Amino acid sequence: MVVRPYRALTRLWNLPYFLPTKWRGWIKMPTLEFKGKQHIYAHHLTVPYSPLVPDPQRSHPPPAHVADSGPVSEDNLIIHGDNLRALKALLPRYAGKIKCIYIDPPYNTGNGGWAYDDNVNSPLMQAWLKDNGPVDNEDLERHDKWLCMIWPRLQLLRELLAEDGIIFVSIDDNEQHHLRMLLDEIFGESNFVASFVWEGTAKNDARFVSVGHDYIHTYAKSVDRVKTNSGRWRVLKEGIEDIQKCVEVLKERHGDDYQSISMGLKDWYKSLPRNHKSWQHRHYRCVDSEGVYFPGDISWPGGGGPRYDVLHPVTRKPVTVPAGGWRFPDEEKMRAAIQANRVHFADTEVGVPNLKRYLHETTEQVLTSVFYQDRRAAHQNLRRIIGDIKFEYPKDERVIGRLIETVTSNRDIILDSFAGSGTTAHATLALNKVDGGNRRFILVECEEYADTITAERVRRVIGGVLGTKDDASRDGMGGSFTYCTLGSPFDAESLLSGDSLPKFETLAVFLLYTAAGLSLEPKALRTSRNGQRFYQTKTIDFYLYYEPNIEWLRSDKAMLTPERAKKIKKIGRPAIVFGAGKYLSQHNLTDMGIKFCQLPYELFKDG
Ligand SMILES: C[S@@+](CC[C@H](N)C(=O)[O-])C[C@H]1O[C@@H](n2cnc3c(N)ncnc32)[C@H](O)[C@@H]1O
């Protein structure tokens, strides 16, 4: 692997200075070269489309709400299959519509836990990967293979992402530096948001350094659009509820003896483990009739503030003035603050007073790029939900939930194409339960356990898990999902022979996406008996002469005939017509404002 800047462009030494700032990054950006890159560079375009095939028995609740005829619109999806094909299958319906992507791909640790077996259509690639097996430490090209695997998937994920969407990618030191360069190249350096560092465990047996963290690289599809649409990112402070509960218990014990309550609160903080969510708020250590507060700075920001006498409420002597002078510009404003009970006095006049900062006034906080969440908790939680199964490295649904909460709202769609134990679905359902949202999830998992672990966890989370601590998990989060597999890919041969013919709606949705770049749910199609017009935009009508029946397709019924063309012309709007053939010359069609696209060849035009 070598890092090579776009030399030809940068040699035009002053070119970047004539460009808008956001484009300069692209011009000067170094890129990562790796074996196979030229062959997989456009591989995402050549992956064939496959329809999603619903499996009513594995869907939830089974089987009534899932018809055999196509995935239920507006439902959550769990797709069993390779994510390269699955992402391509999602494009016609979901391109540009996914608000949040979270993925947790294999980390390429060298323990042989994954294999690179994409069927790349290049003799050189096929020769290279001929005797391919699990990628382990012995494999000197394991980084190249991982990069070949992730590149086309990231390309498709980017296409699925909404303009104001965000992608989070978990990774560790094995590939994080390579991944950053790839993400820069695919999403643009200027769309990098942050790399979270998640500290999860300490390994005391490490030879040199105990590395207990991994990363979550975060990119926007367009940082500018995110700034315009969502403003600032804030999340609710975690651990606040426990503090309030503790204070309630102390109040019952001590009545309105706030000194004893404050002492009790301090003792409670001391008893907490360091990773307890309330520990980070331990500076909120005082309590009065208004609530819990921390004694904050009362001096003039930057110093040089006014100095006047303020009497201590008990000793009636002037208190020590802070070195920077008072925060309040005059005595009257200070008196008002004291009357409103906003000033915390020390025991005697010797101490400098403080300003009370109440916990309930600042319930939101900014995300921090470094955080701690013990990894073992996710294992234990998964075991509680699904029993004693072997699944290594589940992520913690609270952490993923926080990311989703930050960047999505009510009806947004969340996608995880390396779903594993289904943490992302769990986090989405839990968040909906808390805020009454209608977020949807799409999961993709290639292993057999897509049903027995991924979907099973989601079934249990929806229905409720006995023996769990919190009410929401015990009672169940509610919801449903459609379980799908991937049908045979659309390829010209099977369409021509009639071996594998998609349903009308499936084909129509694919055609709209490939021909016009429109992504739609099948229910948005407006089929009409008027010559099979199936969709209209403001300016164009779309027609399709098709039935999933080879005899029908070989008959005149599948053709654009002069009679049909005349009817279309009579409507007086430009039209795109898909059919098996036509009985009119190109010249006639152009005169009539009709563009004809022949099936099945039109399907494979963009690869
Ligand atoms: C590290 S695990 C993800 C764990 C998940 N975040 C959780 O919390 O349970 C990666 C998952 O991606 C799946 N996977 C790997 N390659 C895949 C592919 N090409 N298509 C679909 N799933 C894939 C693996 O089978 C594995 O379950």
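**Salt bridges and one helix face**

In this predicted model, the side chains of D139 and K145 meet in a salt bridge, 2.7 Å from N to O. Both partners are buried. D139 has a relative accessible area of 17%. K145 has a relative accessible area of 6%. Each value counts as buried because the cut-off is under 20%.

Why can such side chains pair at all? Side chains of opposite charge can do so when their charged atoms come close.

A second pair follows the pattern of a buried bridge. The side chains of K99 and D164 form a salt bridge at 3.8 Å, N to O. This pair ties together distant parts of the chain. K99 sits in strand 5, residues 98-103. D164 sits in strand 8, residues 161-171. The two are 65 residues apart. K99 is buried, at 14% relative accessible area. D164 is buried too, at 15% relative accessibility.

Now turn to helix 16, residues 449-463, which holds both E456 and R460. Their side chains meet in a salt bridge at 2.9 Å, N to O. The two residues are four apart, about one turn of the helix. The spacing matters for direction. An α-helix has 3.6 residues a turn, so residues three or four places apart point the same way. R460 counts as partly exposed, with 33% relative accessibility. The E456 and R460 pair does not stand alone: salt bridges that share partners join D55, R58, D451, E456, R459 and R460 into one network. How many salt bridges are there by this rule? The count comes to 28.

Helix 11 shows another kind of arrangement. The helix covers residues 258-271, 14 in number. From first C-alpha to last it reaches 20 Å, close to the 20 Å expected at 1.5 Å a residue. Which of its residues are buried? They are I261, S262, G264, L265 and Y269. Seen down the axis of helix 11, these buried residues fall within an arc of 160°, so they line one face of the helix. What covers them? The cover includes helix 10 (240-254), strand 12 (286-288) and strand 13 (291-296). The face of helix 11 turned away from the buried side carries the exposed residues Q259, K270 and S271. Helix 11 thus has a buried face and an exposed set of residues turned away from it.

Conventions:
Residues are numbered from 1 along each chain as its sequence is written. This is a predicted model: local features need pLDDT of at least 70, side-chain atom pairs count only at pLDDT 80 or more; totals for chains, interfaces and linings use all residues. Side-chain values use heavy atoms; hydrogens and water are left out. The expected span of a helix is 1.5 Å times one less than its number of residues. Buried means under 20% relative accessible area, exposed over 50%, partly exposed in between (1.4 Å probe, protein chains only). The arc is that of the directions from the helix axis to the C-beta atoms. Contact means heavy atoms within 4.5 Å. A salt bridge is a side-chain nitrogen of Lys or Arg within 4 Å of a carboxyl oxygen of Asp or Glu.
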